[in-house]
2 protein chains.
Amino acid sequence: MSNTALIELITREVLAELKERRGKTASAAKRVPVAVSARHVHLAQREIDILFGPGYQLTKRNDLYQPGEFAANEVVTLVGPKLRPLTNVRVLGPVRDRTQVEISRTDAIFLGIPAPVRRSGDLAGSAPITLVGPKGSVTLPEGAIIANRHIHMSPVEAEKWGLKDNDEVTVRTVNSERPTIFGGVQVRVSPKFKLVMHIDTDDANAAGLQCNDEVEIR
Amino acid sequence: MSNTALIELITREVLAELKERRGKTASAAKRVPVAVSARHVHLAQREIDILFGPGYQLTKRNDLYQPGEFAANEVVTLVGPKLRPLTNVRVLGPVRDRTQVEISRTDAIFLGIPAPVRRSGDLAGSAPITLVGPKGSVTLPEGAIIANRHIHMSPVEAEKWGLKDNDEVTVRTVNSERPTIFGGVQVRVSPKFKLVMHIDTDDANAAGLQCNDEVEIR
């Protein structure tokens, strides 16, 4: 065998091996199922009292994927300065310390409020919003946000993938009609979390994603 | 000067030089302004006759960015099987050979039609849609699409950036609230085109982009 032929043979073998290794890496990819979050509201007891009556308690409609979280039977109407209503906006339980309204940018434009992209709970300086319930209404000076992109995971996945709470990652769609890469995705780690990426309807519809579609952390 | 100190000095100089070169590359980046396309309709004369009356001619409201294209004063209402209306949907001129309805996935879900992501003009097997005008209505068996992401450019930019008509590129946001990379972006080259990327309201709102924001071809 000539040197040239030998080199060619070795090159071919090495390339084949590399290709196979890449294949194995791909199959061990950091895949995450998607949950699309429609607009919703978390209520504090103060606002529940106003909207549904003093001492009212939320009633459970169905459990959500994250343990302890549930969709309530109760809904509210949201109104902004354009005076157009978003009706039947679902209330999620359990009760929180502060009322938080989570909408998409499409909703924010419809309502006419400058809702910022924020992490859950980071409400200082967020947008004003009016909530209407069957027993009353309340206009909050702040509380409406566009939820940031985030992934819930347990410490098991975090450990396996070398991630920690509050890391920021980039996520790509796997088989979507419009291939999209989402930046600035917050990692949220807790023993009570099950693995899922939360995106809003704008992100989902931009990429053509539906609930349970998979995305991949890059 | 010790060898260690010398190496450190050289390293610092090289890094500074690299940083500056990277800066120069960035300033020569393939930047493209964005135009956000709201839902709209292109009409054939056959549908104009039905919706606005026989022989009716569209009237110009304002010119669009691409020479010859204009927004008409005329609007229609769109309805799908959910029987919910999208009102005041703008008609764009000039008249086309076939009627084409361009909506976002958010709109498609609202209407209840399975509109596919398509290039302009590729209507075979696209979604059915009902258009209502002041003089009549028409239900088309196909014609509603979600427009693909695309960039209009002249042969001058195409040449400069090594691109040709129908190439597919990837585009990233530059300064958006939610960093996003759009895949599958069609390049459309014509001497009559001015440089602009067309995205729909889902893509725009997902990334937090507005008209005239800039994106970058990677």
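This report walks through the contacts between two chains, then the salt bridges, a buried glutamate, the cysteines and the backbone.

The model is predicted. Its chains discussed here are chain A and chain B.

## Where the chains meet

Start with the interface. On one side, 23 residues of chain A are in contact; on the other, 22 residues of chain B. Together the two chains bury about 1,900 Å². Of that area, 46% is on carbon and sulfur atoms. The size of an interface is often given as the accessible area lost when the parts come together.

Polar links cross the interface too. There are 19 residue pairs in polar contact between chain A and chain B, with both residues at pLDDT 80 or more. Four elements of chain A each supply at least two residues of the side that touches chain B. They are helix H3 (105-111), strand S9 (137-147), strand S12 (180-189) and helix H5 (201-207). By class, that side of chain A has 10 nonpolar, six polar and seven charged residues.

Charged pairs also span the two chains. Six salt bridges are found across the interface of chain A and chain B. One pairing is Arg178(A) with Asp203(B), where the closest N and O atoms are 3.7 Å apart. Another is Arg178(B) with Asp200(A), at 2.9 Å from N to O. This second pair crosses between chains. Arg178(B) sits in the loop between strand S11 (168-173) and strand S12 (180-189) of chain B. Asp200(A) belongs to strand S13 (residues 196-200) of chain A. Are Arg178(B) and Asp200(A) buried or exposed? Both are buried.

## Salt bridges in the wider structure

Over all chains, the structure holds 26 salt bridges. The table gives four of them.

| Salt bridge | Closest N to O distance |
|---|---|
| Arg178(A) and Asp203(B) | 3.7 Å |
| Arg178(B) and Asp200(A) | 2.9 Å |
| Glu214(B) and Arg31(B) | 3.5 Å |
| Glu216(B) and Arg31(B) | 3.0 Å |

Two of these rows share Arg31(B). Take Glu214(B) and Arg31(B), which meet at 3.5 Å. Glu214(B) lies in strand S14 (residues 214-217) of chain B, and Arg31(B) in strand S1 (residues 30-37) of chain B, so the pair ties together parts that are 183 residues apart in sequence. Glu214(B) counts as partly exposed, because its relative accessibility is 36%. Arg31(B) is also partly exposed, with a relative accessible area of 30%.

Now take Glu216(B) and Arg31(B), whose closest N and O atoms are 3.0 Å apart. Glu216(B) is in strand S14 and Arg31(B) in strand S1, both of chain B, so this pair ties together parts that are 185 residues apart in sequence. Glu216(B) counts as buried, because its relative accessibility is 14%.

Chain A has a network of its own. Salt bridges that share partners join Arg31(A), Arg172(A), Glu214(A) and Glu216(A) into one network.

## A buried glutamate

Glu47(A) is placed in helix H2 (residues 45-52) of chain A. Its relative accessible area is 5%, so Glu47(A) is buried. Which residues does Glu47(A) touch, not counting residues up to four places away in sequence? They are Thr99(A), Val138(A) and Leu140(A).

## Cysteines

How many disulfides are there over all chains? The count is zero. Cys211(A) counts as partly exposed, at 46% relative accessibility. Cys211(B) counts as partly exposed as well, at 43%.

## Backbone features

Each chain has a cis peptide bond before a proline. In chain A, the bond from Gly93(A) to Pro94(A) is cis, with omega near 5 degrees. Pro94(A) is in strand S5 (residues 85-96) of chain A. In chain B, a cis bond joins Gly93(B) and Pro94(B), with omega about 5 degrees. Pro94(B) is in strand S5 (residues 85-96) of chain B.

Two residues of chain B have positive phi without being glycine. Leu83(B) has phi near 65 degrees. Leu83(B) is found in the loop between strand S4 (70-79) and S5 of chain B. At 68% relative accessibility, Leu83(B) counts as exposed. Asn166(B) has phi of about 75 degrees. Asn166(B) is found in the loop between helix H4 (155-161) and S11 of chain B. With a relative accessible area of 40%, Asn166(B) is partly exposed.

Technical notes
Residues are numbered from 1 along each chain as its sequence is written. Chains are lettered from A and ligands numbered from 1 in the order in which they are written. This is a predicted model: local features need pLDDT of at least 70, side-chain atom pairs count only at pLDDT 80 or more; totals for chains, interfaces and linings use all residues. Side-chain values use heavy atoms; hydrogens and water are left out. A disulfide is a pair of cysteine sulfur atoms within 2.5 Å. Buried means under 20% relative accessible area, exposed over 50%, partly exposed in between (1.4 Å probe, protein chains only). Contact means heavy atoms within 4.5 Å. Buried area is the accessible area (1.4 Å probe) that two parts lose on being put together, summed over both. A salt bridge is a side-chain nitrogen of Lys or Arg within 4 Å of a carboxyl oxygen of Asp or Glu. A polar contact is a pair of N or O atoms within 3.5 Å; within protein, one must be able to donate a hydrogen and the other to accept it, and residues adjacent in sequence count only if both atoms are side-chain atoms. Ala, Val, Leu, Ile, Met, Phe, Trp, Tyr, Cys and Pro count as nonpolar, Asp, Glu, Lys and Arg as charged, and the others, Gly among them, as polar.
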